[in-house]
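Student: Could you take me through one part of this model in some detail? I would like to look closely at the place where the two chains meet.

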Protein chains: 2
Amino acid sequence: MAPQLDAYFKQVDTLAESFIERLRKAVAIPSVSAEDERRPEVIRMGKFLQAELEALGCSVEARELGKEPQREHLDLPPVIVARYGSDSKKRTILVYGHYDVQPANLEDGWATQPFELTVDDKGRMFGRGSTDDKGPVLGWLNAIEAHQKAGVDFPVNLLMCFEGMEEYGSEGLDDFIAAEADKYFKDADAVCISDNYWLGTEKPCLTYGLRGCNYYSVEVSGPGQDLHSGVFGGTVQEPMTDLVRVMAQLVDTDGKILVPGINEMVAPLTDDEKALYGDIAFTMDNLYESLGSKTGIFPDKEKTLMARWRYPSLSLHGIEGAFSAPGGKTVIPAKVTGKFSIRTVPNMEPAKVNEAVFKYVNDVFKKLGSKNSLKVWNNHDGRWWVASPNHWNFTAAGKAVERVWGVKPDLTREGGSIPVTLTFEESLKKNVLLLPMGSSTDAAHSINEKLDRRNYIEGTKLLGAYLHYVAEEPTGA
Amino acid sequence: MAPQLDAYFKQVDTLAESFIERLRKAVAIPSVSAEDERRPEVIRMGKFLQAELEALGCSVEARELGKEPQREHLDLPPVIVARYGSDSKKRTILVYGHYDVQPANLEDGWATQPFELTVDDKGRMFGRGSTDDKGPVLGWLNAIEAHQKAGVDFPVNLLMCFEGMEEYGSEGLDDFIAAEADKYFKDADAVCISDNYWLGTEKPCLTYGLRGCNYYSVEVSGPGQDLHSGVFGGTVQEPMTDLVRVMAQLVDTDGKILVPGINEMVAPLTDDEKALYGDIAFTMDNLYESLGSKTGIFPDKEKTLMARWRYPSLSLHGIEGAFSAPGGKTVIPAKVTGKFSIRTVPNMEPAKVNEAVFKYVNDVFKKLGSKNSLKVWNNHDGRWWVASPNHWNFTAAGKAVERVWGVKPDLTREGGSIPVTLTFEESLKKNVLLLPMGSSTDAAHSINEKLDRRNYIEGTKLLGAYLHYVAEEPTGA
């Protein structure tokens, strides 16, 4: 039986402008976890969230995580945990989100001030963190408020876990979750995370798999200091030359990973799995729209989705220590550090991936015959994750999507890593569902990040509806 | 006959501390021409220089060059021109220097505040611009002051030309010099530039040749915006991958330029020229000391000096638009611009070098089979220069070196480009001499730039002595 959601939905529509106002306040706090000088803003954002939750009658705690390891001058922002309801007859759902955001500066090319929510005539709400992940986090708060104001009984006990370091490695979170699994989180019957995106722009999805991510630095150094290329060019082996030659041998233009052994670790594609891709609502035009170009590698949607979901990829992100500003500088950088990462999939073991990368990078460098020094290391790794989409957590969410959006959701995987997904699964031993709010064109991590008004408001309805279906779904399903 | 310089020298020693104070004031002005927000500091430095010159009784003009082309929101700093003396019976020497400096930030690794002159117990005076080129510029002012206070007649008419955009392409200067060749500069009998360095740390030199510099940008673009590597990695052709693969094919670890046709443009080495290199006071240990490492390409001094002076080189400076900060960011940059430059030597024609580079870069990119777009362009070029070291301008300087330092100077060439050298020679049709003040370990363009107290004070003596010998040297020499 479908829950009686009409009163709740109507209340969400009534409160829509105040929900947008709540998002505007959140976006205005530049909670960039990666920037030292903005760390206090992350903490301020945590306090904002705490106050909002308390105003809604939740019991809230700001759990301190101490100093940031290796950067002891910085406090880690607290994990904001909260509980709404503790009726032992109800299911308890643990939801996760993050209140920190990626760096953003107007000069990067934003069309609007990144920390001012700017709504255009198409209902696109631009602002850093709008879709990743302040909109979804506030969606849970909005759902509580709309239930209260509609006078509708809240269908579950809600546990909330909102962190402030997701965009900078979720420092300290794994230990926290492991420690609280049998304490604060012990009642949780299932977990729901809203921190990813629809595959396209029109059809919602439920996500049951994620790639992992092994992030690497490779440093080449030689001279004691940066050198003038006029004085030293031609007489010294330049670290930048060596680094670029090493980086050029990691991956080719069509995305083929050149590190031996990596592709062999990938689980073979079965016929059953292959058959799943044809039905997914995704077109090459969806890809081209979100790319803003037609520079995709594959000509068809099946190969593209497989490349995103079930095959590894290697991206070169940049170089630290080289000249990176506009204009021209005639420097020979003394020490340069290339950054790259490998997205991992079943059955790649992070440690074996490291081993293969370290060996190959060192071998390639050795062949250059350079007197410079090379170091390569893993900055962090997060495992891939695949869950069962037949669990009641997923079937409930599927019904909620159908009720709110009028379509059955696609069952998808994701190319990105959300390491906390695996942490919750491993620590709590409960099913984890990824229930996205935003769409593929939201430009998370890029300039002009946005969340569509429609996705925010209908998404708030969806989060509430999901909790109602969760309350009803039989355990056996 | 050697000029009677003793009184002048003694006065320089007496005034040494006040000369260091003058340098301290100059270093304290962060006149970084490459940074928009510091452009007013460059202009402030020009005013400082103007005031100092006026206080010495020079007639001074600040010549405005208008707005910076392509960046019309920025004023170009003025050229400070000055005259000291106008006795038609004396020779007139035009001296050039620049009052802008390279960028410098404490976080780059400076051991001291870059814009505070810090003198250590070895007499090393650390600070941005100390040696490049504020020390030498002030050397001329010091020489005037010491003559005045010693009561020694100034031996020549001195014309001065100090610019504020040398570290950022000398925008506007060529036209200015060409326009003033028959006006402000019309009396000049010869030109002296102090903006380079000794080959080592102990023996002064006179410099009669410079390499040129062709600076390039190569931009690869594809997606409409930066992308998340989790979402798009493996499905899109990444501009950074293409750029790194192109840059890796420009030069090898041992400095060999891989662009076809470049090495063929180089004037062949004659036996006569080859024989010159053995006598130069330079050792591999000098190289290693200034490198701060033993990562040189060649095992002997002759090959090393030839590589620096008479062969071209190609250096990769960095990449604009990629991730360049500390930490890890999982971005696929949408547009990345590699920066590299080629040091040019006789008989390389800048236009032909451009042609060879553009063709090769486009060919290499085409072979990648990428759907991304590549653009390559020349940011600026400065020709190489070789002068006659037998002119009276050089022989006078040689005698001055012997008088001040007690040794005959090495006659050297330089690996760096000082484009204004060629501009003066071509516009004024007069001999140009490069008379360095600093030594090879001064780290111009690097962190911890310094000028040794000894080089500054004896260097001030040298500039004055040079003018006395110039006044005496027969034209026929």
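How many salt bridges does the rule find across the interface of chain B and chain A?

Tutor: Happy to, and please keep in mind that this is a predicted model. To your question: the rule finds zero salt bridges across the interface of chain B and chain A. Polar contacts are another matter, with 47 residue pairs in polar contact across that interface, both partners at pLDDT 80 or more. On the side of chain B that touches chain A, strand β13 (residues 313-320) of chain B supplies the largest share, eight residues. Sorted by kind, the residues of that side of chain B come to 33 nonpolar, 36 polar and 15 charged. So there are charged residues on this side of chain B, 15 by the grouping that counts Asp, Glu, Lys and Arg as charged, and still the rule finds zero salt bridges between chain B and chain A.

Now for the extent of the interface. Chain B and chain A each bring 84 residues to the contact. Between them the two chains bury about 6900 Å², and 52% of that area lies on carbon and sulfur atoms. Within chain B, the residues that lose the most area to chain A are B:Thr235, B:Thr253 and B:Thr295, which together make up 10% of what that side buries.

While you have the chains open, a few backbone details are worth a look too. In chain B, the peptide bond between B:Pro346 and B:Asn347 is cis, with omega about 5 degrees. You will find B:Asn347 in the loop that runs between β15 (335-344) and α11 (350-368) of chain B. Chain A has a cis peptide bond as well, from A:Asp132 to A:Asp133, where omega is near 10 degrees. Here the setting is a helix: A:Asp133 belongs to α4 (residues 130-150) of chain A.

Two residues other than glycine have a positive phi that you can check by eye. For B:His445 the value is near 70 degrees, and this residue sits in the loop between β19 (432-434) and β20 (450-452) of chain B. B:His445 counts as buried because its relative accessible area is 8%, and the cut-off for buried is under 20%. In chain A, look at A:Asn448, whose phi is near 55 degrees. A:Asn448 lies in the loop between β19 (432-434) and β20 (450-452) of chain A.

Terms used
Residues are numbered from 1 along each chain as its sequence is written. Chains are lettered from A and ligands numbered from 1 in the order in which they are written. This is a predicted model: local features need pLDDT of at least 70, side-chain atom pairs count only at pLDDT 80 or more; totals for chains, interfaces and linings use all residues. Side-chain values use heavy atoms; hydrogens and water are left out. Helices (H or I, at least four residues) and strands (E, at least two) are DSSP runs, numbered from the N terminus. Buried means under 20% relative accessible area, exposed over 50%, partly exposed in between (1.4 Å probe, protein chains only). Contact means heavy atoms within 4.5 Å. Buried area is the accessible area (1.4 Å probe) that two parts lose on being put together, summed over both. A salt bridge is a side-chain nitrogen of Lys or Arg within 4 Å of a carboxyl oxygen of Asp or Glu. A polar contact is a pair of N or O atoms within 3.5 Å; within protein, one must be able to donate a hydrogen and the other to accept it, and residues adjacent in sequence count only if both atoms are side-chain atoms.
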